[in-house]
Every structure is written in C-alpha cells, then in structure tokens.
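Here is a friendly walk through one structure, chain by chain and contact by contact. Keep the 3D view open as you read.

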Amino acid sequence: MIVKRVLIFAPIFLILVLLQSYFWVPTYKEQTRGDPARLTEFIAGSIGDASLLNPILSADSASSDINGFVFEGLIDRDKDLRFRGRVAKSWKIYEEAYFYVNPSARIPGLGKADARTLASFMKHAQKTSSVANPDLVHTLNRITDISVVLPRTYTVTNSIKDSAGNQQKTIRFKVTAPARIKLVLNQVDQHLFQNLLHLLGNDYFKSFRGKDYLKSDARLSTEQWTRYAKELIPPFEQNPVLLFHIRPGVKFQDGHAVNADDVRFTYEAIMDPKNLSPRVSDYEPVKTVQVVDPLTVKIIYKRLYSPAMGTWSIGILPKHLLDSQALKQEALRLGKDPKTFSIRQSTFNRHPVGCGPFKFQTWKSDQYIILDRFDDYWEGAPNYHRYVYRIIPDILTQEMEFYAGTLDSYDVQPHQVKRLENDPRFQHFSGLSFGYTYIGYNMRRKPFNDLRVRRALGMAIDVNKIIKYVLYGQGERITGPFAKQTDYYNHGIKPLPYDPEGALKLLESAGWKRNKAGRLEKNGKPFKFTLITNSGNDLRKAVLAIAQEAWKQIGIDVHTDVLEWSVFIQQRIFKDDFDAVVLGWQMGIEPDLYQIWYSSQTHPYQLNFVGFKNKEADDLIIKIRQEYNHEQQVKLCHKLHAIIAEQQPYTFLYVGKWTAVLDKRIVIKRVDASGAVRYEKITPTKTGNYTYYFNRWIKLPQVPHLTDKG
Amino acid sequence: MVSFIGRSVVQKTITLFFVSIVSFLIIHLAPGKPSQVNPLNPKFTPEIMERFRKEFHLDKPLYIQYIYYYRDLFTGKTVSWKDNQPVLKKIWDRFLNSLPLFVVGTLITWTLSFPVGIRSAIYRGGIYDRTATFLSYFLISIPGFFFAYILIISVVTHLHVPVIGMETFGIGNGSVFHVINDRIWHMLLPSVLGATAGIAVLSRYVRGQMLEVENQDYIRTAKAKGLPAAVILTVNFVSAILVLAGTFISDLLYLVADPRIRL
Amino acid sequence: MNPTEETTTTQMYTEPLLAPKRTRKQEFMHLLGQNWLAGLGLFIFILFFCCAVTGLLLTSGSKPIFDPAMIRLQEKLRPPLSKPHLELLNPEQIPPLNVYLMGTDDLGRDVFSRMLQGAWVSLTVGFVAVGISVFIGIFMGGIAGYFGQHYIKTVHILFFLCLIGGIGLIIINSIFAGTVLLLLSLSTLVFFFPSGHGSAEKEPPVLKSILMANAVSMDTLIMRIVDIMLCFPSFFLILTVVALLPASIYNIMIVIGLTSWMGTTRFVRAEFLSLREQDFVAAAKALGIGNFRIIFRHIMPNAIAPVLVSATIGIASAILTEAGLSFLGFGVPPPHATWGNILSDGKNFIFDAPWLTFIPGIAILIVVLSFNLFGEGLRDIFNPKLRERH
C-alpha cells in the first residue's frame with residue numbers, strides 16, 4: 001500500500017509546495033508603496049536587450065539608450081535642436097582652402113603670375129573696393145588670411161586593385177608639387193572657388209595640368225593619369241575645420257580627466273578596420289584629428305561635409321582603458337591572441353566607462369541593466385540615484401507592469417493612449433517621432449514610371465482616416481522626406497487630397513479606363529500589381545490591407561504579401577524586385593538625403609530602391625550636403641522638399657506620434673541661487689523631447705503643488 | 001552485446017554527422033544573415049557590410065564555412081554575432097535558467113500523471129476515466145499561446161502579483177527563504193504550462209501501459225493464484241514505470257531543446 | 001446516457017460465442033454510440049466540416065456575401081452582436097445579417113466572416129498536411145517494415161550521394177564540379193548489374209568487393225533518417241522553411257506535412273514487422289502472390305487502423321501548428337483570414353476587445369479537441385483486445 005500512498009501524497013505535497021510560494025511573493029502594492037528606495041530609481045522598460053555598450057560599435061536602439069546615459073559626446077542638441085556644448089565648452093567652424101598656382105593661366109589685370117605676386121594681388125583685391133561682383137566681395141570678406149605654401153617634392157606609393165578586385169599592384173609616383181596659396185576663411189563657403197573665378201579668370205583651375213607634376217615608372221593610360229592627377233594634386237581643395245575647446249574638469253567615471261587625446265582616440269578607434277565600427281561612413285570625410293593642447297582638438301575635413309558637426313555627439317571613449325597597451329594587457333589576461341584582439345572583443349563593452357551622468361553597475365543578460373548616478377558628473381549629479389533598464393519582451397506585459405507601478409516608462413502603443421490619458425494617476429506627453437511611413441513605387445516598372453499614376457494611387461487612399469482610426473489620432477500627415485519638427489520641413493506643401501474621383505480622372509488621362517466589370521485596364525491589360533511589406537509590424541500590415549481595399553474600390557487588382565524581414569530586404573527590396581512597398585524611414589536631424597534620393601544610389605543593395613532620378617534634386621542634395629549655413633540649408637531643403645512632393649515617388653502617408661506616460665509624482669526639481677527648492681511640472685520642449693531635463697527629475701511621495709512657469 | 005553497442009555507436013555517429021550537416025544547412029538557409037548590420041540604416045554602406053561579411057567568413061563557400069564552424073566549435077572559439085560573447089557560455093547561462101523550469105515541469109508531469117493514469121486504468125470506462133480522458137485531451141488541444149496569455153492576465157489582474165521574469169524585480173535583499181519561494185512562484189506558471197501537454201500524454205500512456213500489462217499471462221496467473229489485488233497493482237505499476245523510464249532520457253533532452261514548450 | 005447501462009447491454013451481445021451478428025459497419029456505429037466522447041468529437045467534426053464548406057462558398061468570389069476583407073474603419077472594435085451604425089456606412093458596406101455576429105476587429109472587418117473564411121483554411125491545412133505525412137509515412141514505414149532485411153550495397157549509397165551532390169552543386173552554380181560528380185554517379189551504375197557468369201570462378205577484386213558489400217539494411221537506413229528528422233525541433237524547421245518560401249497557404253500545408261511523417265512511419269513499420277510474420281502472410285507467400293499484392297491486399301488493411309488514429313490526431317496537431325505559425329506572423333498573407341492570425345491581431349487589444357482573442361482561441365480549442373477525442377475513440381474501437389473486455 002506504500003505505492004498507493006506515495007501515488008496520492010506525492011502530487012498533493014508537490015502542489016502544496018508550489019502553491020504556498022504565492023504567499024511569499026511581494027504583491028505589486030508592496031513593491032511600489034513599501035519600498036522607499038523605489039522613489040530614487042527610475043525603471044524603464046524595453047522590448048530588447050542591449051548588445052554592445054560601446055557608442056562606436058553599437059547600432060541597436062537598446063544599446064544606444066544605455067550609451068546615452070553612460071557616455072557623453074563633445075556636443076549634443078538643445079531643446080531647439082541647435083548644438084549645445086557638453087564635453088566641449090565651445091567650438092569654432094572655419095575653413096582652410098588651398099589651390100595650386102597655375103603658372104600658365106592669365107589672370108585678368110595681372111597676366112601670368114607666381115605664388116607671391118598672386119597672394120599680394122588677392123590681398124590687394126580684398127582691400128580695395130574696386131571689385132564689381134557682389135558674390136566675390138562676399139567671399140573675399142570671409143578670407144582672413146592668405147599665405148603661400150612653398151613647392152615641394154615627394155613620392156607617393158599607391159596600391160591599386162585590378163578589375164577583379166583582388167590582385168594588388170603598387171605604383172610609385174614622384175610628385176613635384178608647385179607652390180600653393182593657402183586661404184583661411186572665418187566661415188565655410190561652398191562657393192569659394194566658384195566666386196574666385198571672377199577674380200582669377202574663368203579658366204584658372206580648369207587649365208591647371210596636374211599631370212605635368214607627376215612622374216611614374218608604371219605604364220598608365222591617359223584616363224588613369226588624369227584620375228591620379230586629380231587625386232594627388234587637385235587644382236584646389238577645401239578643408240572645413242572644427243576646433244573644439246574641451247571643458248576643463250570633466251571626468252570619466254573612473255576618475256580620469258577627459259582630454260583631447262581621448263577625442264582623437266575615439267576617432268581612431270572608429271576608423272580602425274579591426275573594430276568594424278558601423279559608424280565609419282560618418283567619419284570617413286575626416287582628414288586628421290590634431291591635438292593642439294590637452295584641452296583643444298582640431299578636426300580637419302577632406303571636403304565640404306555639413307553633417308560633420310552632428311557626428312561629434314558620439315560618446316567619448318576613455319583612451320587609458322582601450323588603447324593598444326590596455327588591450328594587449330587584457331588579451332594576455334584572457335589568454336587570447338593580442339594580435340587579433342580588438343575593442344570589439346574587450347570586456348569594456350559589458351562594463352563601459354564614460355563621462356555621462358550615470359555610471360554602469362550591472363548587466364544581467366535579457367533581464368536588466370542597472371546604472372548608478374555618477375556623483376562627479378560635471379553638470380552636477382542627477383536626482384535619481386539609479387536608472388534601471390528592464391528587458392520585458394512583450395508589450396502587454398510591459399503595460400501590466402506599468403500599471404502595477406514596477407515600471408516608470410515604456411513604449412506606449414497608440415491604442416493604449418486613450419486609456420492612459422484618462423487615468424488621473426498619470427501625466428502624458430506626446431510628440432512627433434523622427435520617421436515616417438510611406439508607400440514606395442518601383443519607378444523602373446510600368447505603370448509607376450508615370451507621375452499621373454503615382455498621384456492617382458496616392459489620392460485614392462484616405463490617409464486622414466488611417467490616422468484617425470488605425471493610429472488612434474497618434475499621427476500627422478507628412479508631405480516630404482524631412483523630419484516634420486525641424487526647420488528643413490516645408491510646411492507650405494499641401495498633402496494630396498483624398499479624391500477617388502479625381503484619381504480616376506487622372507488615371508483616365510494616363511490611359512487607364514474602367515471596363516464593364518469595373519476594373520481598370522489599358523489596351524486590354526488590367527491594372528494589377530503586388531504590394532508588399534514586412535511581417536512583424538502591425539501598423540504596416542493595417543496600411544497594407546487598407547491600401548489594397550482602397551485601390552480595389554477604384555478598380556485596381558492588388559495582390560498583397562507580407563514577408564519575413566530579411567527575405568523582404570535581401571530578396572525583394574535590395575534586388576529591386578517589387579511593384580510597391582509599404583515601409584518606413586527612421587530619420588536623423590541632419591537633412592542629408594544622399595543615400596535615399598540621389599540618382600547614383602539606385603543600384604541593387606542601395607537605398608534609393610524606388611529608382612528616383614531627378615537632376616534638379618541631385619543638385620540640391622549635393623548643395624545641402626556642402627552648405628554650412630543653416631538659413632541657406634533650410635532654403636535649399638524647402639526647394640528639394642517641393643520637388644520630391646511634386647514627383648510623388650512615394651505616397652507619403654504619416655509620421656507617427658510617440659506618447660510617453662509618467663506617474664504624476666515625477667516632476668522637475670529646481671534649486672535657485674538662494675538654495676530654495678522649486679518643483680515644476682515636466683513640459684516637453686518645442687521639439688517634443690520630454691526627457692530633456694531628465695537629470696533634474698525627481699519622484700516625490702505625493703503629487704506636489706506645482707509652480708507653473710507661466 | 002559488445003558488437004551491438006559498437007554497431008549502435010557507429011550508426012549514431014553517422015546519424016549525428018548528417019544531423020550536423022543538415023542543421024548547418026538549415027541555419028544557413030534560414031533568412032537573416034548573421035551580422036550586427038541593419039541594411040536599411042543609411043549609415044551602413046555596402047562597403048561596411050562587405051567588411052562584416054569578410055570578418056565572419058560569409059564570403060567563403062559553404063563547405064569552408066562548415067569546416068570553420070566546427071573548428072571554432074571544437075576549439076571553443078564560437079562567439080556571438082550580436083555582442084561578441086562566447087556562445088557556449090551564453091547557452092550554458094540560459095540552460096541553467098531552463099533547467100529548474102524543466103525539472104519542476106517534469107516533477108509535476110510525473111507525479112500527477114501516474115495517479116490519474118492508474119486510476120483511469122482501474123476504473124476503465126467509468127465516469128472518472130471519461131472525465132480524465134476528456135480533460136487530458138482538453139489540455140492537449142488548447143493552443144499554448146492562447147492558454148498562456150489567459151493565465152498570465154488572470155494571475156496579474158486578479159492576484160496582483162508579478163509572474164514574469166525569474167524573480168520579483170529588486171527582491172535581492174530578502175531572506176533566503178523568501179527568495180527561494182519567490183523563485184518557485186515565478187517558476188510555477190511556465191512549468192505548469194510546459195507540463196500540461198506532458199500530463200495529458202503521460203497519463204494516457206500510463207493508462208494504456210497498465211491495461212497492456214494487466215492482460216499479460218503472468219498477471220492472470222497471479223490473479224488465479226489469489227494474490228492480493230494490491231500486490232498485483234504494485235507489480236503492474238513497477239513494470240509500467242520501467243517501460244516509461246526508458247523513454248525518459250530522450251524526453252528530457254527533447255523537452256529542454258524543443259522551443260515549443262516556450263511558445 | 002448512462003454508461004453502466006451501456007456496458008451491461010454489450011455484455012449481453014458478446015457473451016454467446018457465435019458468429020458476429022452485426023456487420024463491421026454496424027459494429028463500428030455501435031461502439032461509437034457507446035463511446036459518447038468520440039461520438040461528440042465526430043459530431044463537432046461534421047459540424048465544423050459543414051461550416052468550413054459553407055464558409056468557403058459564402059466568403060469567396062469577387063462579390064462574396066460575407067466579405068472578410070471589407071474594411072470599415074469607422075466601425076472598428078465593435079463587440080459581438082452589436083448593430084452596425086447604418087448612418088456611417090456606405091450601402092455596400094452594410095453587413096448581410098445587419099448585425100456583427102462576432103463583433104469587428106481593429107480595422108472594422110466582420111469577425112464572423114473572417115472566422116468562416118478561416119475555418120476552411122484550418123480544415124484544408126489539417127487534411128492536406130496529414131494526407132502528405134500519411135502518404136510518406138506509409139511508404140517509408142512499409143518499405144522499412146516489409147523489405148527491412150534487404151541490404152543496400154555501398155555502391156548504391158555512392159550512387160545516390162554523387163547524384164544528389166552533383167545536382168546540388170549545379171543548382172548553386174558550380175557547373176563543373178557538379179558535372180564531374182554526376183558522371184561519377186553514372187559510372188557507378190556499372191556495378192548495379194551483376195557481371196554475370198565469369199565472376200563466380202575468379203576471386204573478386206578488392207574494390208569490387210568493397211563496393212558490393214552490404215553496407216546497411218533498408219530498415220536501419222530509414223529508421224536513421226527518421227532519427228535525423230526527429231532531431232530537429234519541427235517547429236523551428238517549419239519556421240525556417242516558411243520564412244524562406246513565399247507566404248502561401250499551400251506552402252504551409254506542404255511544410256507541415258513534410259515535417260510530421262516520422263510518427264506514422266514508426267507505426268506502420270512496427271505494424272508491418274509483426275504482420276509480416278503472421279500465418280496469413282506466409283500462406284499468401286506460399287501461394288506465390290506478389291509482394292505488392294501482399295502489401296496492399298493483405299497487410300495494409302490490417303495495418304490501417306493505427307494509421308487512421310494517428311492521422312486523426314495528426315490533423316489536430318496540424319491545425320494547432322498552423323495557428324501557432326499565424327500567431328507568430330508567419331502564416332497566410334493578409335487580407336486572407338485564418339484563426340491564428342485573427343488571434344494574433346487581436347492579442348494587443350485583449351483589454352479593449354477580448355472577443356478578438358477568445359472567439360478564435362476557443363474555436364481552435366473546440367475543433368482540435370473534437371479531432372483528438374474522435375481519434376481516441378477510434379483507437380478504442382479499433383483495438384480488439386480492449387473491445388472484447390467490455
């Protein structure tokens with residue numbers, strides 16, 4: 001009978017043991033109310049775990065969230081999206097430009113001239129007001145210094161790849177470079193040399209024969225000669241310079257002071273091929289990074305590249321922990337080969353040290369990352385003692401944890417907003433996100449090569465209804481490729497109207513007519529195509545279904561497909577094998593549209609996969625890239641926006657709104673000069689950034705009386 | 001005996017070899033190329049992607065990749081694409097998390113399904129048997145993802161205690177007893193969910209096995225000799241458990257490795 | 001129904017040891033009636049079948065009566081049995097029954113129409129997938145069970161390896177190596193045919209004796225293949241293949257079928273192994289009946305019962321697998337509805353619109369349960385050993 005007893009009692013015992021554990025688990029109430037330390041920590045929820053806590057290596061959003069707290073860049077953006085000094089106290093942007101003296105060219109009013117005469121001629125032109133051309137006056141006024149660089153002779157070895165891309169061949173060149181004129185400008189001027197032509201004569205640069213100054217044993221075709229001449233002694237060169245003055249007294253979290261060497265080291269680490277940094281393309285235009293003194297760093301660029309400034313918001317790495325010596329020691333300690341050991345392998349990526357407001361504490365994979373505040377932070381330590389990043393991979397669970405009070409913030413889904421807005425316990429913020437959703441058409445294919453068809457397809461979709469019902473009002477219409485909250489966005493452009501009748505008329509003018517069954521056809525061929533999107537995004541899937549239905553209404557036969565992400569990208573988008581696609585872009589603040597809209601980027605595996613080619617747009621994209629003046633840039637962007645909106649390569653749908661919900665007890669604490677404490681309600685900045693004053697946030701036991709800023 | 005073991009080892013090795021090839025091919029065929037690069041981010045130029053591919057030998061032919069893979073595997077140099085952590089360590093960490101879940105799940109399965117199965121066998125065809133049959137098929141038939149959602153939501157909204165994660169967040173400084181019980185609570189839901197299908201299948205199996213054994217001649221003889229029913233039941237039970245234990249080891253591995261129990 | 005009463009009546013029938021009074025069919029129906037759970041399963045199954053067929057008729061075509069893809073954004077997330085707001089709808093958008101029987105989803109599509117459309121998907125997925133797996137299972141299991149003792153020679157293995165390798169290489173564009181392998185495989189064909197008279201006297205050359213050696217028995221080979229297939233978590237396998245192939249309902253059916261034949265193979269093999277040794281097979285052989293006739297006329301009818309049982313239960317698990325795939329977002333492309341993707345679309349709205357989770361969830365549960373119960377009942381009915389004990 002023992003068997004019988006065991007059989008009956010074992011399960012009962014097990015069940016009891018398991019169930020009694022319930023009484024030991026702290027309920028949500030106990031967790032949030034009973035624990036005073038809970039007020040001093042901020043707990044954020046995230047869907048995914050971080051991968052590498054190193055700003056130069058990481059590319060995922062979870063890692064950059066954490067890196068933003070642990071690391072600090074030279075600059076960042078303030079509440080109006082202008083640059084603001086962080087590790088850098090101040091900075092200066094100016095330009096150094098060079099051009100080779102062309103002895104054969106005739107300068108109007110001077111004739112052939114050598115370097116010295118040319119320099120004094122230019123200085124003279126600067127002083128006298130005899131110059132007629134206003135553009136030239138403008139340019140000359142910007143020049144602060146003109147000097148002569150003496151001729152020099154040197155050799156260059158160039159290694160080239162043959163057409164197969166493998167065999168390396170080296171060519172030695174002997175360069176006898178002639179004298180150069182060096183110009184220093186107090187601000188960057190992309191039209192410098194164009195305007196100087198008014199002074200030096202139209203052919204001055206064109207007639208410069210760089211080939212004459214090159215000598216080589218290798219046999220080269222004329223074409224190759226011209227190419228190398230252009231590369232090795234270009235007639236002129238513009239080098240924008242960024243000069244950063246580093247704030248004294250900024251410290252890494254291990255106590256080391258931050259200095260110019262760390263900045264240079266960060267740049268070198270990015271460019272080191274061993275590290276495989278995904279950010280190389282941002283820093284490729286940098287020529288050199290020079291340490292002028294421990295608190296001054298000078299960054300010289302190879303060419304005009306206006307997005308350059310923004311790239312220096314990258315977190316500064318501590319040199320003393322990651323330079324070759326430190327890495328070698330670490331490699332030996334871990335028993336790895338020091339030759340192949342790079343920053344990528346270093347344990348630093350799981351125990352980062354930066355100079356940001358929070359210092360790394362622990363990381364339990366797929367569970368949480370804990371940061372403690374950094375007491376020596378240069379701007380004063382944050383009010384929260386602790387920042388916790390919890391990884392909760394399910395949206396619904398996040399919501400439940402938030403309600404229970406064990407999360408302070410999470411990604412609120414559009415359909416949850418209404419519920420949370422009405423809850424008196426919470427305050428909520430919302431703002432436009434940096435990204436938009438669109439339907440892109442493959443312009444290489446018929447009938448999408450016809451502007452009328454693209455417009456008609458756009459007019460058949462009721463975007464306002466999508467925003468109202470699918471996004472629950474959490475979105476706005478968008479008409480072009482720039483972030484809507486930046487100055488670059490052209491608010492003068494009207495969105496396409498919802499007008500199915502008009503769409504039908506447009507289609508009719510393009511030759512598409514309705515047949516007896518109500519289907520559109522042209523020369524007996526029905527209007528038929530496939531609309532695709534990726535799986536895993538419910539909003540895009542909804543847009544897909546709505547667009548299909550809307551187009552069906554005007555007689556177009558649309559087939560839809562939802563594909564797994566990598567198949568979608570690799571097999572369809574990057575092979576240009578699609579008719580139309582529902583997709584979204586995440587944008588930065590910089591208005592650089594080169595990769596997405598420039599006509600040279602239309603090949604497979606490039607991002608202009610819709611095949612948009614427009615001469616005027618190309619010209620503007622390049623100009624925007626080279627323009628350092630904000631007002632000028634805005635003007636150019638508005639023009640570009642108008643062109644793209646006119647051409648409708650995409651049906652621009654909407655830009656989503658994010659919503660953040662916080663406990664009402666979280667407020668901003670301000671201490672004025674007299675030491676009096678004041679609490680303010682958290683208000684988002686003009687661009688919608690509500691975490692802008694995060695370091696001043698505090699959670700109080702009760703909702704306080706708030707002094708409104710008025 | 002020796003020749004049997006030897007042959008079986010050879011056969012298993014060959015099978016394993018083919019498994020390794022097929023699994024390598026499946027991973028390779030599966031969409032999504034291993035790298036940290038998001039191709040739709042304008043910051044990633046094709047050149048960078050090319051460099052990543054080179055670094056991870058993705059530009060080499062397949063069989064070379066296969067050889068690299070096994071060289072790395074046996075020299076212990078496998079490293080995750082995502083965060084440069086050693087893969088074996090990552091797997092081991094997660095295995096340690098799965099193990100208690102699995103142990104508790106198996107315990108629940110085994111302790112519950114035997115009484116249920118045996119009782120069903122004894123009262124075959126009765127109300128109890130029919131109810132048990134119905135319930136176990138109910139548990140097999142309920143879609144796991146649906147059931148889990150309902151369970152989680154009802155526990156959180158009605159009992160107001162957390163159910164996700166391995167422990168209540170921030171419990172760190174409680175007493176040992178507290179912490180252990182907290183762990184047990186967090187293990188309860190997933191292991192019960194993992195065990196539901198197991199209970200259903202195993203109790204059916206026990207029932208069938210009992211009936212099978214009952215028909216054997218030696219049991220009939222025992223009955224004829226007038227052995228007490230309890231002894232017969234015990235013999236019956238032991239033989240059933242022996243048969244089932246044979247499948248235990250393979251079940252164990254299967255349950256740990258099968259992602260469906262985590263679905 | 002009172003089970004005890006039923007039992008006594010059966011005993012009355014089975015007691016006299018006479019020839020069976022009822023035909024097989026009658027016996028079957030009788031036993032089914034007795035096992036009311038199985039009867040219930042069959043009943044639900046028939047009901048489900050009718051729903052699926054009417055669903056197919058009502059929801060397909062260019063102007064279906066119930067349009068599962070009709071989007072009415074202004075009518076989103078209406079609860080079940082609610083009346084449509086007629087003033088907000090165009091005439092063609094008004095639902096046919098003038099009521100949302102099962103509510104609407106997040107795009108205002110009628111859940112009832114979507115469930116009807118999904119029923120057909122579930123039904124076909126179950127049957128086609130299981131059809132494929134049973135076919136492969138019987139074929140492989142039959143070979144392993146009946147011809148299991150036949151040995152495969154090294155040369156055969158070589159031939160197939162070269163053939164497959166060659167074709168594979170040609171597919172991935174290395175034509176030269178592929179062709180070489182193909183030629184090699186052709187050259188091994190020489191050894192397939194016994195070289196005839198001369199070989200008996202001479203000592204066979206070493207190479208030939210290796211090539212002609214018995215490498216592995218048919219049975220071992222097939223069972224090892226089964227082992228290999230069982231090594232992979234089938235759900236992962238299905239996910240991979242589904243992600244690779246264009247999303248379509250047929251691909252999903254085929255993939256589920258191709259990854260679930262192992263159980264049937266084992267069953268059939270075991271059944272064949274024991275039946276092959278039975279007297280009636282020996283008698284058939286003695287009469288000189290061909291192998292295929294023996295397999296299909298004599299063994300198969302006796303082996304079909306467990307296959308049927310496992311097929312019924314297999315349908316249930318195929319339906320579950322499809323729902324799981326759709327739930328993970330790898331199912332049938334929109335706007336086509338399946339129960340799994342209704343559930344998966346609805347899970348985000350579980351607090352606002354619980355019916356979007358519960359209706360498909362419970363529907364899947366009921367259908368899968370009915371198949372399982374019916375399968376279990378079949379098992380009892382087909383098991384003569386258990387039957388006679390009543």
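## Chain B and its partners

In chain B, 63% of the contacts with a separation of 6 or more are between residues 24 or more positions apart. Please keep in mind that this is a predicted model.

Let's stay with chain B for a moment. Its secondary structure amounts to ten helices and zero strands, so reading from the N terminus on, the elements run α-α-α-α-α-α-α-α-α-α. Of the 263 residues in chain B, 23% are buried.

Is helix α8 of chain B buried or in the open? This helix covers residues 217-225, and because the number buried among its nine residues is zero, α8(B) lies largely in the open. Just after α8(B) comes G226(B), which takes a positive phi of about 85 degrees.

**How the helices pack**

Two packed helices are described by the angle between their axes and the distance between the axes. Within chain B, α4(B) and α7(B) are a good pair to look at: they pack at an angle of about 35 degrees, and their axes are 6 Å apart. Their crossing is right-handed. The residues of this contact divide into 19 nonpolar, nine polar and two charged.

A second pair reaches across to another chain. Helix α1 of chain B (residues 2-29) and helix α8 of chain C (residues 218-231) have axes that come within 10 Å and cross at roughly 45 degrees. That angle is why α1(B) counts as oblique to α8(C). Here too you will find a right-handed crossing, as α1(B) passes α8(C). From α1(B), the residues Q11(B), T15(B), F18(B), V19(B) and V22(B) meet T220(C), R224(C), D227(C), I228(C) and C231(C) of α8(C). By type, the residues of this contact are five nonpolar, three polar and two charged.

**Where chain A meets its neighbours**

Now for chain A, beginning with the contact to chain B: 46 residues of chain B touch 45 residues of chain A. On the chain B side, α2 (46-55), α4 (87-122), α7 (176-214) and α9 (229-246) each supply at least two residues. The largest share, eight residues, comes from α4(B), the helix that also packs with α7(B).

Chain A also touches chain C, in a contact that takes 22 residues from chain A and 19 residues from chain C. On the chain A side, at least two residues each come from α13 (395-404), α16 (463-470), α18 (538-553) and β23 (557-563). Of these, α18(A) gives the most, with eight residues.

The table sets out the make-up of the two sides described here.

| Side | Nonpolar | Polar | Charged |
|---|---|---|---|
| Chain B, touching chain A | 25 residues | 13 residues | eight residues |
| Chain A, touching chain C | ten residues | six residues | six residues |

**A sheet in chain A**

Strands of a sheet pair through backbone hydrogen bonds, either parallel or antiparallel. Which pairing does the open sheet of three strands in chain A have? Its strands follow the order β19-β20-β21, with antiparallel pairing. At the edges are β19 (513-514) and β21 (525-526) of chain A, each of which pairs on one side only. Two bridges join β19(A) to β20(A), the strand of residues 520-522. To see this pairing in your viewer, look for R514(A), which stands opposite L520(A) in β20(A).

Definitions and conventions: Residues numbered from 1 in each chain as written. Chains lettered and ligands numbered in written order. Predicted model: local features only at pLDDT ≥ 70, side-chain atom pairs only at ≥ 80, totals over all residues. Pairing = 2+ DSSP bridges. Helix = DSSP H or I, 4+ residues; strand = E, 2+ residues; numbered from the N terminus. Contact = placed C-beta atoms within 7 Å. Nonpolar A, V, L, I, M, F, W, Y, C, P; charged D, E, K, R; others polar. Buried ≥ 20, exposed ≤ 12 C-beta atoms within 10 Å, placed from the backbone. Axes fitted to C-alpha atoms, helices over the stretch in contact; angles between N-to-C directions. Parallel < 35°, antiparallel > 145°, perpendicular 65-115°, else oblique. Left-handed = near helix turned anticlockwise from the far one by under 90°.
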